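User: I'd like to talk through a structure with you, a bit at a time. Here it comes.

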Amino acid sequence: MQLLDGKLLSENIKAELAAEVDQIKLKGGKIPHLAAVLIGDNPASQVYVNSKIKSCEQIGFTSTMVRRSGDVSEEEVLEIVANLNNDPDVDGFIVQLPLPKHIDEEKIMLAIDYRKDVDGFHPVNFGRMAQGMPAFLPATPFGILEMLRRYNIETSGKHCVVLGRSNIVGTPISILLSRKGYPGDCTVTLTHSRTQDLPAEVRRADIVVAAIGIPQFVKGDWVKEGAVVIDVGINRIPDASRKSGSRLVGDVDFDSVAPRCSHITPVPGGVGLMTVTALLMNTLKACRKEIY
Ligand code: NDP
């Protein structure tokens, strides 16, 4: 069994991005600029946004954080989005989800200029992705593809079972892995809460992508010997042996699944770090106007 090391890969990719920034500086070009909008005080959102900003600083990108309290009006958030859309120095930006309940997430997402949508959530990017046109790919699926590519995991003709059909992970990764080319050309089964006999579906998989949000849900005896397992889940569970009283686990029961796999992503240290790195890769593409 080989660990798919998201920490190592993302450090390698960040070093490549930092070298690109050095080249841009030498030539007097524009430094990529990522902005992040953080609303309210959700602790997980704060951690995610801080890690995005810190990663920008690490590689020499410009970064801006726009923070507002949880009682901000929808109008004000729309105004922030409009300002970022119109700011020529900002190449790409994200609005960290979830937003407080009184703010319509769909309305905010649709207000983002798709040419700056480095999270790849806007329907224009989603539609272009589905049609195989150049697009900002959603950060988590993009990070997974990059991981498969850099570890030379064979995907052509493989049977891939995706657990979860969210718009940001399950559905897009199922589309991307079934597209022509590498990494892709898989035969994909997309499963969800109405799927009958999920363990039987997973047992047929050469590649498993778990994105459902239930701690340690996928068990060892569901997984075929030699399968590749990508665990997207990030769940906090109580752990009295830790100083914090808790720890992070994935959607896969690592201890029973890992011995059966050819490759598996750890949690933490797997897909989560690749998601942040994919966002940085999208920001460089936006700055270079590679897509639009
Ligand atoms: P959502 O909550 O949006 O969707 C969950 C999906 O899982 C739904 O499609 C749901 O089915 C399905 N599901 C729920 N219960 C079951 C079940 N018992 N059997 C089969 N399917 C089930 O999830 P997200 O995609 O947003 O997130 C999934 C996980 O990934 C979470 O742990 C999240 O924290 C993590 N995540 C990690 C990221 C990273 O960077 N590593 C990025 C984004 C998310 P149905 O549609 O029928 O309700």
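User: To start, is Asp119 buried or exposed?

Analyst: Bearing in mind that this is a predicted model, Asp119 is buried, because its relative accessible area is 11%. Along the chain, Asp119 belongs to the loop between helix 4 (105-111) and helix 5 (123-130).

User: Which residues is Asp119 in contact with, leaving aside its neighbours within four places in sequence?

Analyst: With those neighbours set aside, Asp119 touches Ile94, Leu137, Pro138, Ala139 and Leu279. As for distances along and across the fold, Asp119 and Leu280 are 161 residues apart in sequence, yet their C-alpha atoms are 9.7 Å apart in space.

User: And Val21, where is that one?

Analyst: Val21 sits in helix 1, which covers residues 6-26, and Val21 counts as buried because its relative accessibility is 1%. Apart from neighbours within four places in sequence, the residues in contact with Val21 are Ile31, Ile59, Gly60 and Phe61. By way of a long-range distance, Val21 and Asn125 are 104 residues apart along the chain, and 25 Å separates their C-alpha atoms.

User: Switching to charges: how many salt bridges does a search of the whole structure find?

Analyst: The search over the whole structure gives 16 salt bridges. One of them is between the side chains of Glu74 and Lys107, with an N to O distance of 2.9 Å. Glu74 is in helix 3 (residues 74-86) and Lys107 in helix 4, so this pair ties together parts that are 33 residues apart in sequence.

User: Why does Glu74 count as buried, and what about Lys107?

Analyst: Glu74 counts as buried because its relative accessibility is 12%, where the cut-off for buried is under 20%. Lys107, with a relative accessible area of 41%, is partly exposed.

User: Which partner does Glu201 have in a salt bridge?

Analyst: Glu201 is bridged to Arg204, and their closest N and O atoms are 2.9 Å apart; Arg204 counts as partly exposed, at 46% relative accessibility. Another salt bridge joins Arg288 to Glu290, where the closest N and O atoms are 3.8 Å apart. Arg288 is partly exposed with a relative accessible area of 38%, and Glu290 is also partly exposed, at 45%.

User: Which residues do salt bridges with shared partners join into one network?

Analyst: That network is made up of Glu16, Glu146, Arg149 and Arg150.

User: Now the rings. How many aromatic pairs turn up in a search of the whole structure?

Analyst: There are three aromatic pairs in the whole structure. Phe217 and Trp222 form an edge-to-face pair, with 5.4 Å from centre to centre and 80 degrees between the planes.

User: Which way do those two go on burial: is Phe217 buried or partly exposed, and Trp222?

Analyst: Phe217 counts as partly exposed because its relative accessibility is 27%, whereas Trp222 is buried, with a relative accessible area of 11%.

User: Which residues form an aromatic cluster?

Analyst: Tyr114, Phe136 and Tyr292 make up one aromatic cluster. Tyr114 also has a charge over its ring, since the charged end of Arg115 sits there, 5.8 Å from the ring centre.

User: What about backbone oddities, say, which peptide bonds are cis?

Analyst: Most peptide bonds are trans, and most residues other than glycine have a negative phi. Here, the bond from Leu97 to Pro98 is cis, with omega near 0 degrees, and Pro98 falls in the loop between strand 4 (92-95) and helix 4. Tyr182 and Pro183 are likewise joined by a cis peptide bond, with omega about -10 degrees; Pro183 is in the loop between helix 7 (170-178) and strand 6 (187-191).

User: What is phi at Asp197 and at Gln216?

Analyst: Asp197 is not a glycine, yet its phi is positive, at about 55 degrees, and Asp197 lies in the loop between strand 6 and helix 8 (198-203). Gln216 also has a positive phi, near 50 degrees. Gln216 is placed in the loop between strand 7 (207-210) and strand 8 (228-231) and is partly exposed, with a relative accessible area of 24%.

User: Last one: which residues make the nonpolar surface patch of about 270 Å²?

Analyst: Met1, Leu3 and Phe254 make that patch. Met1 is in the segment before strand 1 (2-3) and counts as exposed because its relative accessibility is 55%.

Methods: Residues are numbered from 1 along each chain as its sequence is written. This is a predicted model: local features need pLDDT of at least 70, side-chain atom pairs count only at pLDDT 80 or more; totals for chains, interfaces and linings use all residues. Side-chain values use heavy atoms; hydrogens and water are left out. Rings of Phe, Tyr and Trp (its six-membered ring) pair if their centres lie within 6.5 Å; planes under 30 degrees apart count as stacked, over 60 as edge-to-face and the rest as tilted. Buried means under 20% relative accessible area, exposed over 50%, partly exposed in between (1.4 Å probe, protein chains only). A charge sits over a ring if NZ of Lys or CZ of Arg is within 6 Å of the ring centre and within 35 degrees of the ring normal. Patches are made of residues with over 30% relative accessible area and no salt bridge: like charges are joined within 9 Å, nonpolar side chains (Val, Leu, Ile, Met, Phe, Trp, Tyr) within 5 Å. Accessible areas come from the Shrake-Rupley method with a 1.4 Å probe; for residues, only the protein chains shown count as cover. A salt bridge is a side-chain nitrogen of Lys or Arg within 4 Å of a carboxyl oxygen of Asp or Glu. Helices (H or I, at least four residues) and strands (E, at least two) are DSSP runs, numbered from the N terminus. Contact means heavy atoms within 4.5 Å.
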